[in-house]
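This report is a guided first reading of one protein chain, moving from its overall make-up to particular contacts between side chains. Please keep the sequence and the structure in view while reading.

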Amino acid sequence: MSKADIEMRVAFLTQTGAGVLGNSCLLCFYSYTLLTRQKVRLTDPILCHLVFANYVVVLSTGIPETMAGIGGKYFLDDAACKVALYFRRVARGVSLNTTCLLSGFQVSKLCTRNVWWKITTTFPNCFGICGFLFWILQVLVNVYVPLRVIGPTHRQNVTLHMHYKYCSIGPTSPKPFVYLSQIVLFLSIDIMCLVFMMWTSGSMVLVLHRHKQRVQHIHSHIASRRPDHEARATRTILTLVSMFVSFYCLSAMFTLCVGLHMKPDLWLVDMSVFLDACFSVLSPFVLMSTDTRITQVFHSCIE
């Protein structure tokens, strides 16, 4: 076993442990808050949905990678491989869509304050429908994934396009139009979401900058200003969006390198998978560090 293999195993094990711990804590907190209706914020349903999707990404990525890293061979059959990779892609897509919705919700809160009362009354019902549609959309978009995934017991009988430690991706469709349609459909949704998130991020930064300039010209301390919690929530969402875009672009670069090679090195595949799950691992810690309700619980426990 090489030094690089050992380092990658440690990296996946650490990533999985941190992701399970962080998302479990947040999932319990948001579930308790929504069930008891204590100090509920309008963004809590979105964040709970985001944390659940990230939790599925961490489990479907970390458990197979960790099992394969500690020497497990053929621990997943053909059906389990299909389910693991399918859930990973679906949950990753839902995480992207939910982050997109979260950024859109915050920019509407900042820029359309005169109609904010309409959003507060209609949003809880609309988000239930949006969350359901996100899962349906990703289930349909990624329906081709189980058709191409091959378990370890069947990989000797086919020409492989790419292989993980525990599963393999079979050859593309013999019909170029079908394969091209799949790529266009998958990338178009991701690109639209990324462009929308970057636009909302720019809008939020512009609004906060203009507000800061306006406040600086007001010398009275009694002057009205944007609440601190609203600016803090905006900075949190900007951090989440920046993280998602950064890790998505890095993962896409490694995935492109994998796709350009007929027999890519395993470390390229591992880095693509590792970077793809980084947002799901780090985002709960960003949310915990910026949510005053959670920090108050930690402080009370320490005292």
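## Overall picture

The protein chain has an accessible surface of about 16,500 Å², and 70% of that surface belongs to carbon and sulfur atoms. The model is a predicted one. Of the chain's 303 residues, 44% count as buried. Its secondary structure comes to nine helices and three strands, and read along the sequence these elements follow the pattern α-α-α-α-α-β-β-β-α-α-α-α. Among contacts with a separation of 6 or more, 78% are between residues 24 or more positions apart.

## Annotated spans

In an unreviewed entry, UniProt places the feature "transmembrane region" at residues 12–32, 123–145, 183–208, 236–261 and 267–287. In the model, residues 12–32 are 100% helix and 0% strand, with the end C-alpha atoms 30 Å apart; residues 267–287 are likewise 100% helix and 0% strand, and there the end C-alpha atoms lie 31 Å apart. Threonine 16 lies in helix 1, which covers residues 3–36, and with a relative accessibility of 12% this threonine counts as buried. Leaving aside residues up to four places away in sequence, threonine 16 touches Val58, Gly62, Ile63 and Thr66.

## Salt bridges

A search of the whole structure finds five salt bridges, and the table lists some of them.

| Pair | Closest N to O distance |
|---|---|
| Aspartate 291 and arginine 41 | 3.6 Å |
| Arginine 293 and aspartate 44 | 2.8 Å |
| Arginine 92 and aspartate 190 | 3.3 Å |

Arginine 92 lies in helix 3 (residues 78–111) and aspartate 190 in helix 6, so this salt bridge ties together parts that are 98 residues apart in sequence. Both arginine 92 and aspartate 190 are buried. Elsewhere, salt bridges that share partners join Arg41, Asp44, Asp291 and Arg293 into one network.

Within that network, aspartate 291 forms a salt bridge with arginine 41, and the pair links distant parts of the chain, since aspartate 291 is in the loop between helix 8 and helix 9 while arginine 41 is in the loop between helix 1 and helix 2, 250 residues apart. Aspartate 291 counts as buried at 5% relative accessibility, whereas arginine 41 is partly exposed, with a relative accessible area of 34%. The side chains of arginine 293 and aspartate 44 also meet in a salt bridge; arginine 293 lies in helix 9 and aspartate 44 in helix 2, so the pair ties together parts that are 249 residues apart in sequence. Arginine 293 and aspartate 44 are both buried.

## Aromatic pairs and a surface patch

The count of aromatic pairs comes to six. In one of them, the ring centres of phenylalanine 196 and tryptophan 199 lie 5.9 Å apart with the planes at 40 degrees, so the pair is tilted. Both residues lie in helix 6 (residues 176–216), three residues apart, which is about one turn of the helix. Phenylalanine 196 is partly exposed at 32% relative accessible area, while tryptophan 199 counts as exposed at 54%.

The rings of phenylalanine 244 and phenylalanine 279 have their centres 4.8 Å apart and their planes at 75 degrees, so this pair is edge-to-face. The pair links phenylalanine 244 in helix 7 with phenylalanine 279 in helix 8, 35 residues apart, and both residues are buried. Ring pairs link Phe244, Tyr248 and Phe279 into a cluster.

On the surface, Ile129, Phe132, Leu133, Ile136, Val139 and Leu140 make a nonpolar patch of about 580 Å². Isoleucine 129 is in helix 4 (residues 116–141) and is exposed, with a relative accessible area of 53%.

How values were computed: Residues are numbered from 1 along each chain as its sequence is written. This is a predicted model: local features need pLDDT of at least 70, side-chain atom pairs count only at pLDDT 80 or more; totals for chains, interfaces and linings use all residues. Side-chain values use heavy atoms; hydrogens and water are left out. Rings of Phe, Tyr and Trp (its six-membered ring) pair if their centres lie within 6.5 Å; planes under 30 degrees apart count as stacked, over 60 as edge-to-face and the rest as tilted. Helices (H or I, at least four residues) and strands (E, at least two) are DSSP runs, numbered from the N terminus. Buried means under 20% relative accessible area, exposed over 50%, partly exposed in between (1.4 Å probe, protein chains only). Patches are made of residues with over 30% relative accessible area and no salt bridge: like charges are joined within 9 Å, nonpolar side chains (Val, Leu, Ile, Met, Phe, Trp, Tyr) within 5 Å. Accessible areas come from the Shrake-Rupley method with a 1.4 Å probe; for residues, only the protein chains shown count as cover. A salt bridge is a side-chain nitrogen of Lys or Arg within 4 Å of a carboxyl oxygen of Asp or Glu. Contact means heavy atoms within 4.5 Å. UniProt positions are given in the numbering used here, feature names are shortened, and annotations may be inferred rather than shown by experiment.
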